Amino acid sequence: MTLLDKDGVRLTVDEAVATVTLTNPAKRNAQSPALWRALAEAGKLVPGTVRVVVLRAEGKSFSAGLDRQAFTPEGFDGEPSFLDLARGSDEELDATIAEYQEAFTWWRRNDIVSVAAVQGHAIGAGFQLALACDLRVCADDAQFAMRETSLGLVPDLTGTHPLVGLVGYARALEICVTGRFVHAEEAERTGLAHLVVPAAELDGAVQDLVAALLAAPRDAVIETKALLRGAVDRCYEDQRAAERAAQARRLRDLAGLAE
C-alpha cells in the first residue's frame, strides 16, 4: 500500500514493515527542502502497526547529498535560496534549519526500528540521512563522506551526534574536517555499518535483518530500544535503575497476559 509518493520520496507499507524510498536516481537522489518536507510527512504517516522502517534508494547512489541548486542565487522554485535564508534573522534561520531537521529525527523513535540500505554514494545530507537510522546495511560499493566542512558549512541535519556515538570523537572529527570517503570495509570495521554485503545481495540481507527484528515481541523491543538509547546519558547506577524499572514493566505486562 502506497501512502505517499511525491518530491522524490515514496512511502509504502506492508503489514508491520514500512519502506521509504528515495526516487530520483537521475539526480543521484540529491536532497532539497521539498524532499525533506516529504520525509517528515512520511514519518507522520507511518501507521502505528509498523514495527520496522526500511530506508532505501533507487539507482546507483543512496544520496549524493544536498542539491547544489540550493547554493545558486535563484535556489529552488518556490523556495527561499540559501542566500536569502542567510540574510534573515537568527530566529528565522534557526526555525528553518529546525524544520529541515525534522526529516532526520523521527527514524529513532522508540516504537520503530529503522534500517538504511545504502549503496553507492552517501554524501553530506545523504550520509546524515543514513546516520539517522538505527542500523545501516551497506553494499560493498558504499562510500560515505561528510562534505559540509569542505564547503565552509557544518553538518546540521542531526548527523554529528550519531557519528560521534558510532566511531568516537577523534575519528568523527577527522571524517568531517577532511571530507574524505569512508568505504564500506572501513564503515563495517568502525561500526558505521551493521553489515556489508555484495551489492547484488543488499535487498536480501535487509529482508533477513527485518525478519530477525520482527521475531521478538514488539513491547520488549520498544523497551529495549528506549533503554539502550538512554544509556548514553545515564551513569552506571542510573542505567541499572532504568533496567530494573523496564523489566518490572515487562514482567507486569507478561503476568497480565498470562491471567
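A pocket, as the word is used on this tour, is an open set of grid points where a 1.4 Å probe fits, with protein on both sides within 12 Å along at least five of seven lines. Keep in mind that the model on your screen is predicted.

**Stop one: the second largest pocket**

Start by selecting Leu 66, Phe 71, Phe 82, Glu 148 and Leu 153. Of the 26 residues lining the second largest pocket, these are the closest to its centre. The volume here is about 660 Å³.

Next, select α2, residues 82–86. With four residues, α2 gives the most to this lining. Add α3 to your selection too, since α2 and α3 each supply at least two residues.

Now try colouring the lining of the second largest pocket by class: you should find 18 nonpolar, six charged and two polar residues.

**Stop two: the largest pocket**

Move on to Arg 108, Asp 134, Lys 225, Leu 228 and Arg 229, which lie nearest the centre of the largest pocket. In total, 25 residues line the largest pocket, and the space inside comes to about 800 Å³.

Which elements give two or more residues to this lining? Select them one by one: α3 (90–105), β7 (135–139), α5 (160–167) and α9 (218–231). Linger on α9, the source of the largest share, five residues.

Finish by colouring this lining by class as well. The largest pocket shows 12 nonpolar, seven polar and six charged residues.

Technical notes. Residues are numbered from 1 along each chain as its sequence is written. This is a predicted model: local features need pLDDT of at least 70, side-chain atom pairs count only at pLDDT 80 or more; totals for chains, interfaces and linings use all residues. Side-chain values use heavy atoms; hydrogens and water are left out. On a 1 Å grid over the protein atoms alone, a cavity is a set of points where a 1.4 Å probe fits but cannot get out, and a pocket is an open set with protein on both sides within 12 Å along at least five of seven lines; lining residues have an atom within 4 Å of a point. Grid points are joined across faces, edges and corners, and a volume is the space filled by probe spheres set on the points. Ala, Val, Leu, Ile, Met, Phe, Trp, Tyr, Cys and Pro count as nonpolar, Asp, Glu, Lys and Arg as charged, and the others, Gly among them, as polar.
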